Amino acid sequence: MKRYLAVFLGILSAIGGFVDIGDLVTNAVVGSRLGLSLGWVVVVGVIGICVFAEMSGRVAAVSGRPTFDLVRERLGPRVGLLNLIASMGVTVLTFVAEVGGVALALALVSSVHHLLVVPFVAALVWVILWRARFSHMENTLGILGLCLVVFAVALWQLGPDWGDLAHQMATANKPTQESWMVWAFYAVALFGAAMTPYEVFFFSSGGVEESWGPKDLGVMRANVLIGFPLGGMLSLAIAGSAAVVLAPEGISVENLGQVGLPVAVALGKVGVAVAVLGFVAAIFAAACETGLSAGYSIAQYFGWQWGKFVRPREAARFHVVLALVTILAIAVLMTGVDPIMVTEFSVVFSAIALPLTYFPILVVANDPDYMGEHVNGRLANALGVVYLVLVLVAALAAIPLMVLTEMGTA
Amino acid sequence: MNRPDEPLDAGLHLLDRQVVDCHGRMVCKVDDLELRQYDDGSLAVTALLAGAVVLVPRLGGRIGRRLERFWDELGIQQADRGHPFRIDLAEVQDLGSDVTLVSDRHRLLRREPEDGNRRLSQLQGMTVTGPDGRLGRVIDVRLEPTRHPDRRLRVVSLLVGRGRPGSFLGYDRHEEQGPWLLARLVRWLHRHSVVVPVDEVEVIDWDDAREVRCSGSGTATR
């Protein structure tokens with residue numbers, strides 16, 4: 001019974017954990033501008049994150065080695081360091097976006113300017129990273145994040161023409177006023193939002209935190225293969241409701257309030273209350289995860305003690321990094337930069353940085369010295385190679401598309 | 001030491017691995033390995049080295065050299081600034097996906113002078129010439145455990161090829177290691193790589209020409 005409860009909790013927190021500020025904003029923006037014509041990218045991205053997370057989770061469970069240990073061990077200190085700098089850049093950028101996102105969500109209900117909320121949010125994140133038990137943090141916030149199911153309810157309440165939505169998704173039928181270039185840019189952004197590198201740093205390091213062994217592979221797979229796709233459904237519901245409510249009015253999403261607007265139209269005040277609770281929980285969870293991921297990556301590259309499975313004083317350098325990253329996030333947000341814009345950059349840069357960590361994981365997941373009998377099977381390798389090509393294409397296309405479309409505004 | 005019944009590759013199986021103490025607490029990375037050349041010319045790995053002193057030079061290139069000087073200048077007044085942390089191989093309990101030590105990490109690492117010993121990273125990347133000319137560079141060093149009380153790992157052969165150290169990604173070890181496409185690509189890039197047994201190594205010129213001269217041309221990796 002206890003075991004089933006653990007599986008169930010894991011799946012629930014994987015659903016909530018999948019959605020962060022990047023998914024919320026990008027899906028709503030894309031839904032409002034391009035309808036569901038990019039819905040298939042969410043599907044491709046979700047399968048991709050399943051492949052990636054399953055491999056890194058399996059490596060972590062079998063060998064006890066999290067992502068950045070493998071990056072340095074397989075690629076050496078030189079390429080590993082470039083990798084660390086790039087991944088840290090993206091993770092910290094995402095962390096800034098998440099902290100700003102929580103502040104924006106709280107600003108929605110409090111009518112206080114979000115800059116006044118930022119220091120408190122950041123301090124709370126830091127206290128949780130410092131004191132809270134790992135499993136408590138993950139489960140509580142992940143499950144509260146399930147409030148975002150309200151988007152699926154809203155979409156159902158709006159009673160859209162399901163045939164039309166399915167048709168848009170299947171035929172990649174974009175509105176005629178948007179160019180294919182913008183469409184391609186948002187395809188890369190959505191892919192980056194679904195396959196953010198921090199999710200994998202966090203997932204594999206979390207596996208070591210919770211001391212997974214080969215016997216936990218089943219639970220790990222259930223979390224990934226059920227939780228992430230359900231999280232992807234939430235993303236689609238967000239895009240779908242934006243497509244139904246915002247697109248016909250010509251509203252393009254520029255703030256978090258507009259992301260929640262379809263829920264307000266469909267379900268009124270109560271819906272909004274649930275949606276905001278979902279925003280706060282899901283983004284807050286992601287803020288904790290990205291903060292930890294920044295600490296995990298640096299500590300794993302240099303070989304310092306990391307993790308919340310030891311007391312903070314035993315992992316002093318790790319906790320110093322967490323504190324510094326938190327201060328940095330406050331400093332960046334206090335410049336008055338728009339967190340939504342930071343989010344848009346972070347998802348595109350995620351797509352660029354992705355191959356750097358994907359490649360070494362794919363290699364090590366095949367290495368019998370590490371994995372013994374648990375090396376990649378045929379399916380994992382077939383999908384693994386397909387996605388190696390996909391992440392490379394997305395990474396190479398990202399910067400040209402970003403420049404040509406001026407971040408999708410042109 | 002627990003693992004090595006079969007030969008292991010210094011670069012692939014030891015370098016950059018996580019070092020943990022007897023309680024599983026993390027200590028450092030294996031930033032480099034100490035190589036000792038004995039009077040009879042034989043080579044062995046005798047200790048793990050750690051710290052920025054040995055890590056930074058491995059970054060290589062202009063930036064690496066600049067960082068190295070910068071690191072030195074930050075502690076110019078320290079007598080042991082240039083000495084790495086050294087962990088004797090006798091301290092190692094187990095070699096697996098990490099390196100487990102026999103003792104607790106508290107006050108464990110000590111800076112020690114290198115006393116004319118070499119580092120693995122100095123051998124890696126060295127040009128190798130055979131009787132018929134250049135064979136390539138040292139990519140990795142194959143080791144074998146010994147019964148000696150200091151637990152030294154004897155160098156038995158050099159893996160020589162055209163790529164950089166680590167560029168084999170482990171694909172030389174197992175024939176069946178996938179994914180197929182990647183394995184084919186890596187092996188094709190390394191189709192000229194050879195294994196040179198240590199008896200064929202005549203001279204290692206550490207300081208001037210930085211090259212290894214051999215009497216044979218080695219055998220193909222497969």
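These questions and answers set features of a predicted model against their definitions. Local features need pLDDT of at least 70, side-chain atom pairs count only at pLDDT 80 or more, and totals for chains, interfaces and linings use all residues. Residues are numbered from 1 along each chain as its sequence is written, with chains lettered from A in the order in which they are written.

Q: What makes β2 and β3 of chain B a pair?
A: Two strands pair if DSSP finds at least two bridges between them. Strand β2 (residues 18-20) and β3 of chain B have 3 bridges, in the antiparallel sense, so the definition is met. B:Val19 stands opposite B:Cys28 in β3.

Q: Why are β3 and β7 of chain B called edge strands?
A: The open sheet runs β3-β2-β8-β7 in chain B, with mixed pairing. β3 (26-29) and β7 (92-95) each pair on one side only.

Q: What places the largest nonpolar core between domain 1 and domain 2 of chain B?
A: A nonpolar core is a set of buried Ala, Val, Leu, Ile, Met, Phe, Trp, Tyr and Cys residues joined through C-beta atoms within 7 Å. Buried means that 20 or more other C-beta atoms, placed from the backbone, lie within 10 Å of the residue's own. The largest such core has 211 residues. Domain 1 (8-119) and domain 2 (124-220) of chain B, bounded by an automatic or database assignment, both give residues to this core, so it lies between them.

Q: How do you know that the radius of gyration of chain B agrees with a compact globule?
A: The rule, over C-alpha atoms, is 2.2 Å times the number of residues to the power 0.38. For 222 residues that gives near 17 Å; chain B has 18 Å, which agrees.

Terms used
Helix = DSSP H or I, 4+ residues; strand = E, 2+ residues; numbered from the N terminus. Buried ≥ 20, exposed ≤ 12 C-beta atoms within 10 Å, placed from the backbone.
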